[in-house]
Amino acid sequence: MKRLVTLGSIVVLGATLAAYQAPQQPPVIGTADKLEVVKLKDNFFVITTSNPTPRESFSGGNVSVLITDTGVTLVDTKLANWGQALLDKLKTITPKPVTMIINTHTHGDHTGNDDKFGKVEIVAHENTKANMAKMPVFQGDKAQFLPSKTFTDKLTIGKGASQIDLRYFGRAHTSGDAVIIFPGLRIAAMGDVFAWKDGPRCDTANGGSCVEYPKTLAAAAAALKNIDTVIPGHSPMMKVSDVQEYARFMADLVSSAQASKKAGRSVDDAFAAFSVAKYPGYKTENVKANIQIIYDETKQ
């Protein structure tokens, strides 16, 4: 009887929590003064968020800007409410028009302004296009802003200093994470397959996999030969050695979580057993959620 009462209480509590909604705040409308331009090459820049407040930090991912003879190629386009700010900031870099957008993956903080540059060529992995097509913001008359060019494993666009290699190494953050390599400039944009030094967000609803993450990262790191600068999804510029370290971190996390599951430990105990001591500067804000996903993905 006590057990039934306890379960009933949990159901009531769950219903109460589900009914509760936090007060809605108006969306942050970004302004150009909150965006910072980082120059990597004479024809290559990164637009990121300058000294963000906690709410402004959700401006979206880093935006790569490649200036070519024919126009500008962007990698990702931030959140929708930062569209005008992004346009204004681009004008301080170059008067050339945007002619191509490459999306590293489906999420709105990377695809939010694909519709702000007119009808330009939009490129993404085939799985990302399929994921984007499920988003309300890319349905109806907005379907015209879905990627018009896709690839499966590799796609090369342009040549020389303007060459862009789009590579796909497997499931990770989503099922369609693209790594964008600029071989002539020795630069690579990782999107959220490497967003920060913490556990990732494995979006299983869009085909992501925490278990497959280490293999995908290791393959990506191996492909970054002769690369000097790595652009993470939401962090300052890094090096290939940081990607290699992140691959080791994820391999350790998956191995530790699977060992804990095999030993019959709870997710809480598995989280307590995992240490980032050998990874200076790493956080664990997402690690417990990662462990739960690894438990769910791992069969007994």
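**Exercise 1. Helix packing**

Describe how helices H6 and H8 pack in this predicted model.

*Solution.* Step 1: locate the helices. H6 covers residues 240-262 and H8 covers residues 287-297. Step 2: take the two packing values. The axes lie 9 Å apart and meet at an angle of about 60 degrees. Step 3: classify the angle. Roughly parallel needs an angle under 35 degrees, and roughly perpendicular needs 65 to 115. H6 and H8 are therefore oblique to each other. Step 4: add the hand. The H6 and H8 crossing is right-handed.

Now treat H5 and H6 in the same manner. Which orientation do H5 and H6 have to each other?

*Solution.* Step 1: H5 and H6 have axes 8 Å apart. Their packing angle is about 160 degrees. Step 2: angles over 145 degrees count as roughly antiparallel. H5 and H6 are therefore roughly antiparallel. Step 3: the crossing of H5 and H6 is left-handed.

**Exercise 2. The sheet**

Give the strand order of the sheet, then find its edges.

*Solution.* Step 1: write the order. It is S1-S2-S3-S4-S5-S6-S7, an open sheet of 7 strands. The pairing is mixed. Step 2: look for strands with a single partner. These are S1 (35-41) and S7, so each has one side without a neighbour in the sheet. Step 3: add the twist. Neighbouring strands are turned by 20 degrees against each other on average, with direction ignored.

**Exercise 3. The S1 edge**

In which sense do S1 and S2 pair, and over how many bridges?

*Solution.* Step 1: S2 spans residues 44-49 and pairs with S1 in the antiparallel sense. There are 6 bridges. Step 2: check the connection. S1 and S2 form a hairpin, with 2 residues between them. Step 3: pick one bridge as a landmark. Lys39 has Phe45 in S2 as its bridge partner.

Step 4: follow the side chain of Lys39. A salt bridge joins Lys39 to Asp42, with N to O at 3.2 Å. Is each of these two residues buried or exposed? Lys39 is exposed because its relative accessibility is 52%, over the 50% cut-off. Asp42 is exposed too, at 68%.

**Exercise 4. Around strand S5**

Trace the pairing of S5 with S4 and S6.

*Solution.* Step 1: start from S4, residues 72-75. S4 and S5 pair in the parallel sense over 4 bridges. Leu74 has Ile101 in S5 as its bridge partner. Step 2: go on to S6, residues 121-125. S5 and S6 run parallel and are joined by 3 bridges. Ile101 has Ile122 in S6 as its bridge partner. Step 3: read across. Ile101 is thus a bridge partner of both Leu74 and Ile122.

Step 4: include the helix. S4, H2 (residues 83-91) and S5 make a β-α-β unit, and the unit is right-handed. Step 5: ask about cover. How many residues of S5 are buried? S5 spans residues 98-102, and 4 of its 5 residues are buried. The strand is mostly covered.

**Exercise 5. Salt bridges across the sequence**

How many salt bridges does the model have, and which parts of the chain do Lys142 with Asp115 and Glu212 with Arg171 link?

*Solution.* Step 1: the count comes to 10 salt bridges.

Step 2: take Lys142 and Asp115. Their closest N and O atoms are 2.9 Å apart. Lys142 sits in the loop between H4 (126-133) and S7 (149-151). Asp115 sits in the loop between H3 (108-111) and S6. The two residues are 27 residues apart, and the pair links distant parts of the chain. Lys142 is partly exposed at 31% relative accessibility. Asp115 is partly exposed at 23%.

Step 3: take Glu212 and Arg171. Their salt bridge has its closest N and O atoms 2.8 Å apart. Glu212 lies in the loop between S11 (187-191) and H5 (213-223), and Arg171 in the loop between S9 (164-168) and S10 (178-182), so the pair ties together parts 41 residues apart in sequence. Glu212 is partly exposed, at 34%. Arg171 is partly exposed, at 29%.

Step 4: look for shared partners. Asp115, Lys116 and Lys142 are joined into one network by salt bridges that share partners.

Methods: Residues are numbered from 1 along each chain as its sequence is written. This is a predicted model: local features need pLDDT of at least 70, side-chain atom pairs count only at pLDDT 80 or more; totals for chains, interfaces and linings use all residues. Side-chain values use heavy atoms; hydrogens and water are left out. Buried means under 20% relative accessible area, exposed over 50%, partly exposed in between (1.4 Å probe, protein chains only). Two strands pair if DSSP finds at least two bridges between them. A crossover is right-handed if, with the strands pointing away from the viewer, the path from the first strand over the helix to the second runs clockwise. A salt bridge is a side-chain nitrogen of Lys or Arg within 4 Å of a carboxyl oxygen of Asp or Glu. Axes are lines fitted to C-alpha atoms, for helices over the stretch in contact, and angles run from 0 to 180 degrees between N-to-C directions. A crossing is left-handed if the near helix is turned anticlockwise from the far one by less than a right angle, and right-handed if clockwise.
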